[in-house]
Every structure is written in C-alpha cells, then in structure tokens.
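Trainee: Please give me a close look at the metal site. I want to know what holds it, and how it fits into the chain.

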Amino acid sequence: MLSLPDPAMRLLILDDQADVGQVIALAARSATCEARATTNADAFFQTLDAWSPTHLVIDLVMPDMDGVEVVRRLAERGCRARIIIASGVGSRILDSARRLAIEHNLDFAGVLAKPFTPRALRALLIDVPQAVPFDPLTIAVTASELQLALTRHELQVYYQPKVHCSGGQLAGFEALLRWHHPIAGTILPDRFIPVAESSGLIRPITDLVVEQSFAWLARSFADADWSISVNLSPLVLNDLGLADRLLARSRQHAIDPKRLIFEATETSAMDQSINSLDVLTRLRLNGFQVSIDDFGTGYSSMAQLVRMPFSEMKIDKSFVMSALQSSESRAIIEATVALGHSLGLCVTAEGVEDAATLEYLRMIGCDLAQGYYLARAIPGNEVGAWITGYRSRLAAAVGSPVLPGIGARLSAV
Ligand code: C2E
Ligand code: CA
Ligand code: CA
C-alpha cells in the first residue's frame, strides 16, 4: 500500500504547455499535495522565491529556456527542493539532464517520462530519498572528488597486453586508468577523464599515469623490449613542455624512448587549434613512438595523416568488434592496414574479442592485436601471472583452435 505524502508538500511545475502543467497539478493534488503550475521561467522563479516549494517538476524542452538552463540556475541558487524532470524526449537526453542535476548536487527524485501516469508522479512525490536504491554508477564525478582521488591515491594504472597477430608474441601494454572509489567501487575512465579534461586535472593525472607506468615497466621488465602505451588528451597535447618532461622521466627510469608509445586520438592529433603537431613531432624526434588512436572515427584527410609523425595506427574497436558480421567494417579494417603499411606504420587492432577475429586479422596482415580475447586491462602485479598463463595457452594451442594461427608460429613470448 502506498503511504500518502505529507500535506506540507508543495509542488511547483514548470511546463510551457499549460494543459500539461494542469494535469500534473491535478495528479499531485489527488496525492494531497499542494501544486502550482507555471508556463515560463520568469513565473517559475518568482513562485520559487515566494512560495518555497518542496518539490519541482521541470519540463526539459521549452521555447524560452531549456530545462538544462533551469537546472543550472537552480543550482546557482542552492535550491534544496526535490527535482523531478519531465519530458517526452529520448532517454539519453533525460539521462544527461539527470546527471547534470546530480553533478550540481541538486536533490534529484527521478524522471517523469511523458506521457505520464498519475501513479508514476505519485511514486516520485512520496519516494523518500533513502528508498531509492543506491546506484554506484550515478555518483557525481566532480572535479573536487577527482582531486580527492588524486590525494588519496585512488587512481591506479591497469595494463592491457598487445600481441603480434602472427606468432602471438607479447608486444607491450596499454596503460589504462582505473579509479577505485571508496563507495562506488571501480569507476572506468570514460566517466572521469572528461571531468579531468574540463577541470584541468588531466595534467596531474597524466603525470601520475606516466610515473606509475614508467616505474612499473622499469621495475618489472627492465630487460625486455615490451612497450608501454600512454593515452594523451588534447589538453596535454597542447603543452609545449611535454616532450622535455617525458624525456626527463624516461631517463630517470632508464627506459629506452622507443619502448614508450603515446596515443593521441585522430581528432585531437589533427586539431589545428592546438600545438599537437609540434608536440608530437618533438616526441618523435626524441625517439618516442606516437600512435593515432581510435582510427576511423575522426575526420582526418589523407594529406593531414601523411603530415603527422605517427609510428602506429590503432583501428577503433567498433570496427574490430563487428568485423565478422559486417563487410563494411572489414573494408575499413583492410583499407586501414593497407594505408598504414604504405606509410610504414605498425597497425594495431583493438577490441579483439574472439579467436576468429584474431585469425582474420592475422590473415589480412594486421600487425598487433589487443582485446578481451587476449586479456582485459589488469593490475601491474597480476601481469606476471598473465604472461605465464598466456605462454601455456600458446603452447597448448599448437595444432588446436584455441589461438588459431598463433600456436603453430609460436616463438618465445
Ligand atoms: P582507448 O584508449 O580507446 O582504450 C581502449 C578501451 O577499450 C579501454 O577501455 C579497453 O578496456 C577497451 N577494450 C580493450 N579491448 C576491448 C575488447 O576486446 N572489447 C571491448 N568491449 N573493449 C575493449 P577503458 O579502459 O575503459 O578506457 C576507455 C578510454 O578512456 C580509453 O579509450 C581512453 O580514451 C581513456 N583513457 C583511459 N586511460 C586514460 C589515461 O590514462 N589518460 C587519458 N587521457 N585517457 C585515458
Ligand atoms: Ca588508447
Ligand atoms: Ca582506442
């Protein structure tokens, strides 16, 4: 049985369609909640100040002001009311508005998808915050949380192996960041790198990745020639002092620069507004390798590509993961391998999830493979055990389809 809401609840509605606002108000009153509807932002903010509502329903799409702007203004005023976002727009837009409300530390009750039922509105109105199951994915990733994560050493570099398509030998690792949040558990970089980029924290974070991964490589594999790939964000690529700092770090750890690969996405590397060409060229001149990441997803022209000092191309995983099903993906992969080779570059396919894809890549002459079929990104202290296991997988694969095409050509890993 639903419990009735507190009659002291006051609901203020902002919806440019007066009839929709009235329907919401009616449904709210039937839940013994006081309700007022407004149809424009001025009236809404005036009523907000005069009436101090406990709950708000905000339409996301309005002609004079969009709901996202309203959410921002509510945050600036330190609004404490519980917010319900109402809209008929697609779930992705609703989802980002929801995240925006959370980012701004607003008290977010949920989304009322239009057309709504009175029951759905009632459920949102009487829902006490504690009754909402805690979803670790929705914790607010803010710059201050990220700054704390740095101070508390919650950011850890994981390593994903890259192997030769032909022969299977280990070639190196990509350094991929993980955030071990004390409440939310492991947070993946797609959620916090954008915050790091917009807050300027990407510089100290890149320094941390460089320091951790160089130290790990020097400590664990000083005598091997396996490489480490580090991702560089566009902001970092704009820093003209980067090449010198990286050179100093590699000397400090006595790592040959040719074992160090720096990955830039196609879009950021080609961005004329930043100093990327200058920085990437300096890195190459200092003996480092430079890789073009997520190739196939950006908009570079052939002329730009030839001009950039790359040593490796990484085919975006979206093509690799669909290679067996899509002839378009295979066309892109094969064209990229041919283009890369004609420019003298090493071509890596990422997102290799099964044996058949690996075999296909070997057949078309792709150089390196990276993907869940070989390994996910793992902590540095587990890499030794992975190498042992991988060696026995390779040995067992001779004449069997476990790692087709690879076991037979196995030389030392
Ligand atoms: P990316 O550079 O394209 O990295 C490859 C991503 O693909 C990684 O996700 C990796 O775990 C995932 N991946 C690898 N193999 C497979 C596979 O077989 N299947 C599938 N489904 N996925 C696979 P991750 O670690 O979540 O990283 C996401 C992105 O975050 C990276 O994309 C990179 O752009 C960024 N990132 C990660 N670490 C750093 C960092 O230290 N600095 C910067 N600037 N960006 C980073
Ligand atoms: Ca990468
Ligand atoms: Ca990539």
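**The two-calcium site**

Mentor: Start with the calcium ion (ligand 2). Its donors follow the spacing E-x56-N-x31-E-x29-D along the chain. Keep in mind that this is a predicted model, where local features need pLDDT of at least 70, side-chain atom pairs count only at pLDDT 80 or more, and totals for chains, interfaces and linings use all residues. Residues are numbered from 1 along each chain as its sequence is written, chains are lettered from A and ligands numbered from 1 in the order in which they are written, and side-chain values use heavy atoms, without hydrogens and water.

Now name the donors. A donor is an N, O or S atom within 2.8 Å of the metal (3.2 Å for Na, K and Ca); water is not among the atoms, so sites may look incomplete. For the calcium ion (ligand 2), the protein donors are E174 (OE), N231 (OD1), E263 (OE) and D293 (OD). They lie 2.1 to 2.3 Å from the ion. Two of them link distant parts of the chain: N231 is in strand 9 (residues 227–231), E263 is in strand 10 (residues 260–265), and 32 residues separate the pair in position. Helices (H or I, at least four residues) and strands (E, at least two) are DSSP runs, numbered from the N terminus.

Are these two donors buried or exposed? Buried means under 20% relative accessible area, exposed means over 50%, and partly exposed is in between (1.4 Å probe, protein chains only). E263 counts as buried because its relative accessibility is 1%. N231 is at 31%, so it counts as partly exposed.

Next, follow D293. This residue bridges the calcium ion (ligand 2) and the calcium ion (ligand 3), and the two ions lie 4.0 Å apart. D293 is buried, because its relative accessibility is 7%.

That brings you to the second ion. The protein donors of the calcium ion (ligand 3) are D293 (OD), D294 (OD) and E350, with E350 (OE) listed twice. Their distances to the ion run from 2.0 to 3.0 Å. The donor residues are spaced D-D-x55-E in sequence. D293 lies in strand 11 (residues 289–295) and E350 in strand 13 (residues 346–350), so this pair ties together parts that are 57 residues apart in sequence. E350 is buried too, with a relative accessible area of 9%.

Now look at a neighbour of these donors. D316 sits in the loop between strand 12 (312–315) and helix 14 (317–321). Which residues does D316 touch? Leaving out residues up to four places away in sequence, they are D294, F295, T297 and E350. A contact means heavy atoms within 4.5 Å. Two of those residues, D294 and E350, are donors of the calcium ion (ligand 3).

D316 is buried, yet it has no salt bridge. A salt bridge needs a side-chain nitrogen of Lys or Arg within 4 Å of a carboxyl oxygen of Asp or Glu. Lys and Arg count as positive, Asp and Glu as negative; His and the chain ends are not counted. For D316, the nearest side chain of opposite charge is K317, at 5.3 Å.

Last, step back to the whole protein. It has 17 helices and 15 strands. Of its 413 residues, 50% count as buried. Among contacts between residues at least 6 apart in sequence, 69% join residues at least 24 apart.
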